[in-house]
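Thanks for sending this one over. Here are my notes as numbered points, to be read with the model open beside you.

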2 protein chains.
Amino acid sequence: MTYLNETHDPKLRSWVESANAEGNGFPIQNLPFGVFRRINSAEQFRPGVAIGNQVLDLAALAEAQPFSGAAAEALAACTGDSLNALMALGQAHWSALRLALSRALRAESSQQPLLAPLLVAQDDIEHSVPAHIGDYTDFYISLHHATAVGKQFRPDNPLLPNYKWVPIGYHGRASSIGVSGQRFPRPVGQTRPTSEGAAPNFGPCLRLDYELELGVFVGQGNAQGERVSIEQAESHVFGLCILNDWSARDIQAWEYQPLGPFLSKNFASTISPWIVTLEALAPFRTASTRAATDPQPLPYLFAAENAAAGSFDIGLEVLLSTEKSRAARAEPAVLSRSNFKEAFWNVAQLVTHHTVNGCNLQPGDMLGTGTLSGPAAGQEGSMLEMNQGGKKPIELTWGEQRMFLQDGDEVILRARCEKAGYPAISLGECAGMVLPAQV
Amino acid sequence: MTYLNETHDPKLRSWVESANAEGNGFPIQNLPFGVFRRINSAEQFRPGVAIGNQVLDLAALAEAQPFSGAAAEALAACTGDSLNALMALGQAHWSALRLALSRALRAESSQQPLLAPLLVAQDDIEHSVPAHIGDYTDFYISLHHATAVGKQFRPDNPLLPNYKWVPIGYHGRASSIGVSGQRFPRPVGQTRPTSEGAAPNFGPCLRLDYELELGVFVGQGNAQGERVSIEQAESHVFGLCILNDWSARDIQAWEYQPLGPFLSKNFASTISPWIVTLEALAPFRTASTRAATDPQPLPYLFAAENAAAGSFDIGLEVLLSTEKSRAARAEPAVLSRSNFKEAFWNVAQLVTHHTVNGCNLQPGDMLGTGTLSGPAAGQEGSMLEMNQGGKKPIELTWGEQRMFLQDGDEVILRARCEKAGYPAISLGECAGMVLPAQV
């Protein structure tokens, strides 16, 4: 595989012992970036990189100037309260910093004495949204989700004629994106009138749902008017996180025509704190899972290398805990499992499509994938799919049922790459909780 | 009228002589805010206020500390490269600064010797986008536009059942918003297949259009989870500008189902450089033009005072120049004239609706009104309406025709408030030009 370099050597071990524990998810082959400070401290939020159950304080490391060349330049960009400056430097710098960090954290590195005092236990930190997100775009790249949901809104016409040609996307709300641990009141709004011609209903959302997504962080942007080719697209991507695009289905059904979802989506979106770089994900590249009967993408969305290795094998998981389950100290219930590789469009295609009209992406912009449902039962990325449009309640292991989310429910999304002979690469966790409506 | 104070006295005159010229649009009763620097200079962009054909440098004025109390605090927020800090302070501060500026610029003000050296001729300046726009939302508040365009996309069902209940809106793209003078290449993209089931067409947009809108700048925001009541909504609004929401109709028709417009809109949006405060517009308040047969808004969107005086009488105008007209030194052709007061929803209703679900607005966010077409012929806010869906070309006075925009076309939007006995209040001009596609 052309993507692999010395940072991907599965035999690498770190002097941070917890990073070597099997399946810990943050081995030295991962090195995801986030922004953190000590819990409840008045410290400035600052960039860090996860290693085992620790985080390395990059702002403090930058003061010591331990690296040279591009790695030093990249580290010097890690002193603010977001990753935007690092993102703006581009792939060569990200890669140089990853290599320097990999060498410095490697077992028997001479830099251990310098770095060891700059570790903070992950249990002792809190995160902020890791980048200033200028614009947030949400796509719709799971054919399985589009088909399942399309059936409920348009029974006769689930998959529209544009789906297999256009990576369907729309703009989301950046201001209400929060980091894992986000809590938000149940949204209030208008819903469809009970009888045709009557006034709409108004009140707390009765069909509150999650959406299992990944977030793609743009690194280097493009100038307005200039396109990013499919061959160049991935070099503009800093990395991936997990995204829960909370959705008020009843508000959505009433408001979404003709201009798309709005208040049904923009009350809150939650992301995981760590951004795993595309370079860290390279061992999990895979071919597109498009069917041979699907049309070939238009030329601007097609490159042979991208079709062969532009998708990523990332296992996804949705868990739910409730007030009752937490009181009973029951483990969260696994609602579904899916995989990013099932998506119809891939990361490079999203970047290229987004810029084909000259739209400018900027460092820190986030592209949501859309709900990542798989083809089979048990792989649904939302409750709306599991409950078949609000008809079939979901049975929880401790005896409760759910049609949609209730107050106090916590949704936990996890993402993780696993394969034989390589350490597991975790994208961490994205948790969020629904509070009662403020009416 | 309860909205009037001493800054609205129509007899006020300024020691800046050009501000007293009849109909100049920037009299001492206006005092719009923008961000500027001398043309082609390396100066930092900084806030200024327009007066006659001059701009008063607020950053320089802040150094002199000429005001006290809230006005001084507001002026001290005018030293960065955007208006966001001033916007965040809230209405009482904006109003105090306006009053202090009005008094300082008034004929025979003792502060003339201090301020006069801080004036720069508007002919000598260039503007930046006046605020850092975190999120841009576009609404759809003209019933006339929604009906006319709805007929073309959905002949049998032009106005959807939600229209008179929900202020329909969707999220736009903040990164590609530019200030008057913006030039952008014609967007490229996918359009509907020529025959059903065939591959889509791909190439430069063939139906490029403008949209005549106003932009509403949010001043003070709201915390996530907290609603802004209809009574409080206007206190969160800093002011209005003109907005051209350029639209690629053929790209839109193919991509917009089911999640709304995306690449058809996000390649460029152009705004006028001056933000006219709601306080400056107070003399032009008017009642809603809803018909008596229209439903009363739901309670959260209704307040008696808002219904009586929450709309604004702002005359709007679209002009077009072409390469040919400019070569012939012909005046731009007036394509249409409309008025903001015809809108179905008003400014306060947009803010309240946007936050009813707990969505947080932030200082500098912009809400577009949507295309502000009037009810009659000659009042269309887009070419799509004038040409009846691409069927009837528009005749230009110098002998050309246009179905949609051609390369080199410049669209100029103007907005202005006029009434007997009061100086005209201009929102300035929003000009933008289409360049050839980059293919």
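1. A word on elements before anything else: helices (H or I, at least four residues) and strands (E, at least two) are DSSP runs, numbered from the N terminus. Residues are numbered from 1 along each chain as written, while chains are lettered from A and ligands numbered from 1 in the order in which they are written. Please keep in mind that this is a predicted model, where local features need pLDDT of at least 70, side-chain atom pairs count only at pLDDT 80 or more, and totals for chains, interfaces and linings use all residues, and that side-chain values use heavy atoms, with hydrogens and water left out.

2. Let me start with Asn20(B), which sits in the segment before β1 (33-38) of chain B. Is Asn20(B) buried or exposed? Its relative accessibility is 16%, so Asn20(B) counts as buried; the cut-offs are under 20% relative accessible area for buried, over 50% for exposed, and partly exposed in between (1.4 Å probe, protein chains only). Setting aside neighbours within four places in sequence, Asn20(B) is in contact (heavy atoms within 4.5 Å) with Arg13(B) and Ser14(B).

3. Now to the annotated domains of chain A. UniProt, in an unreviewed entry, assigns residues 29-130 of chain A to "domain: Fumarylacetoacetase N-terminal", and residues 142-415 to "domain: Fumarylacetoacetase-like C-terminal". UniProt positions are given in the numbering used here, feature names are shortened, and annotations may be inferred rather than shown by experiment. Residues 29-130 are 39% helix and 22% strand, with end C-alpha atoms 20 Å apart. For residues 142-415 the figures are 17% helix and 27% strand, and the end C-alpha atoms are 16 Å apart.

4. The interface deserves a good look. Chain A and chain B each bring 61 residues to the contact. Between them they bury about 5,500 Å², 58% of it on carbon and sulfur atoms; buried area here is the accessible area (1.4 Å probe) that two parts lose on being put together, summed over both.

5. Which polar links cross that interface? There are 4 salt bridges between chain A and chain B, a salt bridge being a side-chain nitrogen of Lys or Arg within 4 Å of a carboxyl oxygen of Asp or Glu. Asp365(A) and Arg173(B) form a salt bridge through their side chains, at 2.6 Å from N to O. On the chain A side, β6 (136-139), β7 (169-171), β9 (182-185), β10 (188-191), α7 (249-255) and α11 each supply at least two residues. The largest share comes from β7(A), with 3 residues.

6. Helix α11 of chain A (residues 347-355) is worth a second visit. Why is it described as largely enclosed by the rest of the structure? Because 9 of its 9 residues are buried, among them Val347(A), Gln349(A), His353(A) and His354(A).

7. Two backbone details are worth checking by eye. A cis peptide bond joins Gln257(A) to Pro258(A), with omega about 5°, and Pro258(A) is in the loop between α7 and β16 (269-271) of chain A. In chain B, a cis peptide bond joins Gln257(B) to Pro258(B), with omega about 5°.

8. Finally, Asn40(A) has a positive phi, near 55°, though it is not a glycine. Asn40(A) lies in the loop between β1 (33-38) and β2 (46-51) of chain A and is exposed, at 71% relative accessible area. Asn40(B) has a positive phi of about 60°, and Asn40(B) is exposed at 68%.
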